[in-house]
Protein chains: 4
Amino acid sequence: MKSTKKPWIFTAKCPSILGTVDVVTRYMAESGNYVSEIHSFDDYESDQFFIRIEFIPNGDAFSEDVFAADFQARADEFNMEWALTPPDHKPRVAILVSKYDHCLNDLLYRYRTGQLNIEVPVIISNHPDLKDLADWHGIPYYHLPISAETKPQQEAQVKELIEKYDAELVVLARYMQVLSPDMCQYLDGKAINIHHSLLPGFKGARPYHQAWEKGVKMVGATAHYVNNDLDEGPIIAQGIQTVDHAHYPEDLVAKGQDVERVTLFNAVKYHVEKRVFLNGSRTVVFGR
Amino acid sequence: MKSTKKPWIFTAKCPSILGTVDVVTRYMAESGNYVSEIHSFDDYESDQFFIRIEFIPNGDAFSEDVFAADFQARADEFNMEWALTPPDHKPRVAILVSKYDHCLNDLLYRYRTGQLNIEVPVIISNHPDLKDLADWHGIPYYHLPISAETKPQQEAQVKELIEKYDAELVVLARYMQVLSPDMCQYLDGKAINIHHSLLPGFKGARPYHQAWEKGVKMVGATAHYVNNDLDEGPIIAQGIQTVDHAHYPEDLVAKGQDVERVTLFNAVKYHVEKRVFLNGSRTVVFGR
Amino acid sequence: MKSTKKPWIFTAKCPSILGTVDVVTRYMAESGNYVSEIHSFDDYESDQFFIRIEFIPNGDAFSEDVFAADFQARADEFNMEWALTPPDHKPRVAILVSKYDHCLNDLLYRYRTGQLNIEVPVIISNHPDLKDLADWHGIPYYHLPISAETKPQQEAQVKELIEKYDAELVVLARYMQVLSPDMCQYLDGKAINIHHSLLPGFKGARPYHQAWEKGVKMVGATAHYVNNDLDEGPIIAQGIQTVDHAHYPEDLVAKGQDVERVTLFNAVKYHVEKRVFLNGSRTVVFGR
Amino acid sequence: MKSTKKPWIFTAKCPSILGTVDVVTRYMAESGNYVSEIHSFDDYESDQFFIRIEFIPNGDAFSEDVFAADFQARADEFNMEWALTPPDHKPRVAILVSKYDHCLNDLLYRYRTGQLNIEVPVIISNHPDLKDLADWHGIPYYHLPISAETKPQQEAQVKELIEKYDAELVVLARYMQVLSPDMCQYLDGKAINIHHSLLPGFKGARPYHQAWEKGVKMVGATAHYVNNDLDEGPIIAQGIQTVDHAHYPEDLVAKGQDVERVTLFNAVKYHVEKRVFLNGSRTVVFGR
């Protein structure tokens, strides 16, 4: 049914067992919440169940607290972790960049036009170059230079800013710095990085040059969660483009920008729409 | 949970209303049937609800009759049309061809190797050319020539064969004949055709030549249900390929074969796996 | 050979006949110009020959006039139309827009970063909305409202601006106005439009809505030269995206923006790099 | 110009220097051979020049010997290696398989229908399973079992058959054996292998399982020349498909078959049409 109301999002995860779908959908029906979209996945390798539901609440008086009070007992029977996201929730996203602006420009465009339902309270960079772009969007821009010696201090400053601006997600939009183990630990599961290769191929530096050396006919990009093993975090989205012998490394760098920004955008969108679930070292993504 | 048992498929359709998901999933849980996969769609334009569930039945004694006896009353409250498909069901598929063999060859390969879980009891053609291929697969081949004068009789013979061989689906695998309105009527909803263009563009004859005349940079193929308006039946699947100025019409014909056969295969697979629902003049396809 | 010098571009077109390649490459070799890239196409349907060469000129003293004086006699023997484009040539491109900014934003980003080697001396719109974006890039923005009554005057103003700013190419970046036959005539061959469908399918208004009605599984965009038959000019580039039953018309509009802007960018890039040739109602595009 | 005659193919390779294109096209024009298609690439990293021309010979009396006698002196000035391929040349291709038949079935279909302009004089396998398929196509099938102990003898038998049947190309169509260094050496540059990953990612055994472990969102296939470093030979073609969390390793194996066979077909077609040139550890491929 078409509704003038925007849907809430319900997400949950629990061990696989008979009745996992039913416990959710029965509660929705009994409480008069109209399910407009449902995705679920029952992973028989990890024996985990994942579900995401969009629903139109029953009446104007819908209350998260009442939902929780009613549903928690049922969830407990299934050891189910669950969450509700209201339609007006806009995650606060801090963006880290260096000099390349194609990902930043793309994210800010989609933020400005509402394609990405987020707030961007702060942009942080180890270079001053992209301040103008931040300024035009009215977003505070912090230039925090970094060197081998100042790395711990700089990372501490970055953490402070993330906390000061209360960011629930950090996006590394071509932030060309190897994070310290401490920083990786800190960002574990709350940061998305874009790597310019089809990970796990061509990890590390200059992946397009590596790809060119190998004479590949396709190059790509990978958006993944940061974890403590750099370039090895759970993959959220990947994109590719075909190339041929006439593409030198610098052509790959140039051509790759379109794939990188679309792949990063997709991952961020999936994340903020609560479509991504961690499943061990892999992800479950209920895409559209 | 991983099971050694193959899943049954439950499909249903009803008007959109609160509780449509719940009525199904609750019954599954209450009857001990383990839901391993679920897709649903609530179309707020047509106000119709569609659902497809794979489930592992409760115990070895699962009975379709008991399921029906129990569930029908619940379904009636929702005006729900529903169906069960057992894991060992192999739809009987009659294939109609002319001289081009790329679609037939592909379907038979996937039938032979089990990628398509079907029986092919009969192949019918207005030309004798593809008899060898049918013979090698051990499938009866009927050569029924057709002319403007003999069209009614030929179509009557085709109908007889479809019934004699008890085919529940007919696939027009590049059958190069314009069906009569009667025949379209007869096949309505039970036949899949492959048209070598991105319908509704380039309807009718020689679509690749039409596409070349227009200088398009992409050509494609469309698999759709036959209905009484030729080349206008509900679309199930489409595929494309890029082309350039150096592709003459005969190149498009040759290159198009790969897209045609994959697109037709996808549509047939979706159909036999009960992933396709009619939704007015459009379809709902729960793909993988 | 790698050169520190940027290549010149030579393009030509003539009737098909023995020696068309030779007359060009022989002159290049004899005059010491190093051919670094060559594309040609001999269309046996239209009996026309097309060639595009990138070459590193012989020495610093390379002169267009000397080239012309030497080569013209050879070209005449083949009725060859030809042109030279120096590496520092930046075509002046006027952009027309309405309210949608995704194509404009993309073109300006690529202009600003040098991915598009152009000048943008003027942006013209029938709405005031996108002035801020133009301002930030330092480009004059003219708001010329239009109504049925004022159409002739408005189009005259547009023409004046195109001429005042000496634009050699006009890009209709989602300019939502039906041009008059006069205006089409004026822009014939010197303007590129983006239409949000896979032309010639879904011509005219609201193509995404038309596509949704037909239940297509793929939608796309077409960049084409403007000619006197609106939505029927020679196609330069097309792009597609897959969609499914869960995409309502408004989803197609939103999702389509990425394909539209990339398709338009590709067409503009091909044009300014002299990769596009008119071949009757079709084009020859020497892509990369 | 349209010709009733089929084109000859001229291919050549030499160091980059002024006049490389001219030396070829001038000879073509002077000898009255009509150039209908030309591709070239001047690699400024390796300083090598590659060219492929299709031409309609001058008159019926065209002679390879006369061409050679005339052209060789010009070629020598450029240290150019060159070759002529007549339109009626059908390379003899030996196919090696194990138990998977999807690549074999595809190659034989395209061979039978003329999409691949080749002869297949022999099929060799370490298993008896695919004899029926070979029989139906009337091709001798040799079952040569292999074990760790008999590997040298089996490989010797394979070599003997390749020579007995005078194969100029060997295709490993999912031949599931690690070749000995000797055998790799023997097949260096004259054999094409299909690996079921996007090399150099996921080298070695069970690449789909490796890919699943890493949670990738795209898997692919790579066709490459065999050289002495297994899974590292020069890449000719790659293909991909998108996957998601619901694809278990066995699904990847099943889905991958379509990409594998198309990728292998493309590579074989490029090779037999003389579109592939070795360029160090990479390739130049003049695709269509």
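**Exercise 1. Is D:Phe55 buried or exposed, and how does its ring meet that of D:Phe67?**

Step 1. D:Phe55 has 0% relative accessibility, so it counts as buried (buried means under 20% relative accessible area, exposed over 50%, partly exposed in between, with a 1.4 Å probe and protein chains only). D:Phe67 is buried too, at a relative accessible area of 2%.

A quick word on the model: it is predicted, local features need pLDDT of at least 70, side-chain atom pairs count only at pLDDT 80 or more, and totals for chains, interfaces and linings use all residues. Residues are numbered from 1 along each chain as its sequence is written, chains are lettered from A and ligands numbered from 1 in the order in which they are written, and side-chain values use heavy atoms, leaving out hydrogens and water.

Step 2. Find the tilted pair in chain C: the ring centres of C:Tyr27 and C:Phe71 are 5.4 Å apart with planes at 45°. Rings of Phe, Tyr and Trp (its six-membered ring) pair if their centres lie within 6.5 Å; planes under 30 degrees apart count as stacked, over 60 as edge-to-face and the rest as tilted. Both C:Tyr27 and C:Phe71 are buried.

Step 3. Now return to chain D: D:Phe55 and D:Phe67 are stacked, 6.1 Å centre to centre and 20° between the planes.

Step 4. D:Phe55 belongs to strand 3 (residues 48-56) of chain D and D:Phe67 to helix 2 (residues 64-77), so the pair ties together parts 12 residues apart in sequence. Helices (H or I, at least four residues) and strands (E, at least two) are DSSP runs, numbered from the N terminus.

**Exercise 2. Which Trp has B:Arg282 over its face?**

Step 1. Apply the criterion: NZ of Lys or CZ of Arg within 6 Å of the ring centre and within 35 degrees of the ring normal.

Step 2. B:Arg282 lies over the face of C:Trp212, at 3.8 Å from the ring centre.

Step 3. In chain D, look at D:Phe265: the charged end of D:Arg110 sits over its ring, 3.8 Å from the centre.

**Exercise 3. What rotation superposes chain A on chain D?**

Step 1. Superpose by least squares on the C-alpha atoms of residues with pLDDT of at least 70 in both copies.

Step 2. The rotation is 180° with 0.0 Å of shift along its axis, at an RMSD of 0.0 Å. This is the relation of a two-fold axis.

Step 3. The chain A C-alpha nearest the axis belongs to A:Gly201, 2.5 Å from it.
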